[in-house]
Amino acid sequence: MVSSQAVASDDNVFGWVEKATLQPWGTEVKAKLDSGALTSSLDARDIEMFEKDDEDWVRFRLKLEDQESGEVFSDVLERPLYRELRVRGAGGLDERPVVLLNVCMGDTVYEEQFSLRNREEMNYPLLLGRRTISHLGLLDVRETFMQEPDCGDDADVVAHDPDNDDPSDKS
């Protein structure tokens, strides 16, 4: 009997839960790789939109427990608004700001879109959607913690490519 399983090096296979490091802060968090979501999501509090130099920006507070040290990273950040995301769910229509942030997965830094929302009640402060997963490699839904984030100063960086954005995308 011949198996049709895909064969890939372990360097390109991620489990459904992985450790990720938010850059440049180096805060290590648990990330759920969710193929049911298109856009990645990050736990953010006190989200506030404002204008800076005639552009829309977002101010938000991260409150994340570093998985390695146990210390709580709680900083207020400001980022340009990349776009607004409309999500329709059981609770109705929800609009969320989306910003570009860097995340280390394996040995590579990825600049990705993250919608900001309070995920305090969720098990994972970071959810990686299909846009991000598509850059990583293969997803093995049977496994967890297959990769350790290890992005030094000389790590490969995959910049966000706006040409891959679908303007009609609502998720």
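**A tour starting at E28**

Select E28: this residue is buried (under 20% relative accessible area with a 1.4 Å probe, protein chains only) yet has no salt bridge, and the nearest side chain of opposite charge, K19, lies 4.0 Å away. A salt bridge here needs a side-chain nitrogen of Lys or Arg within 4 Å of a carboxyl oxygen of Asp or Glu. For charge, Lys and Arg count as positive and Asp and Glu as negative, while His and the chain ends are not counted.

The model is predicted: local features need pLDDT of at least 70 and side-chain atom pairs pLDDT 80 or more, whereas totals for chains, interfaces and linings use all residues. Residues are numbered from 1 along each chain, and side-chain values use heavy atoms, without hydrogens and water.

Next, show what surrounds E28. Apart from neighbours within four places in sequence, E28 is in contact (heavy atoms within 4.5 Å) with K19, A20, T21, E65, D66, Q67, E68 and P149.

Now colour by secondary structure. E28 sits in strand 3, residues 27-33. The protein has 1 helix and 13 strands; these are DSSP runs, with at least four residues of H or I for a helix and at least two of E for a strand, numbered from the N terminus. Which elements follow the helix? Two strands, in the order β-β, come after α.

Finally, zoom out to the whole protein. The C-alpha atoms fill a box of roughly 60 × 40 × 30 Å along the principal axes. Buried residues make up 40% of the 171 residues. Among contacts between residues at least 6 apart in sequence, 61% join residues at least 24 apart.

Methods. Buried means under 20% relative accessible area, exposed over 50%, partly exposed in between (1.4 Å probe, protein chains only).
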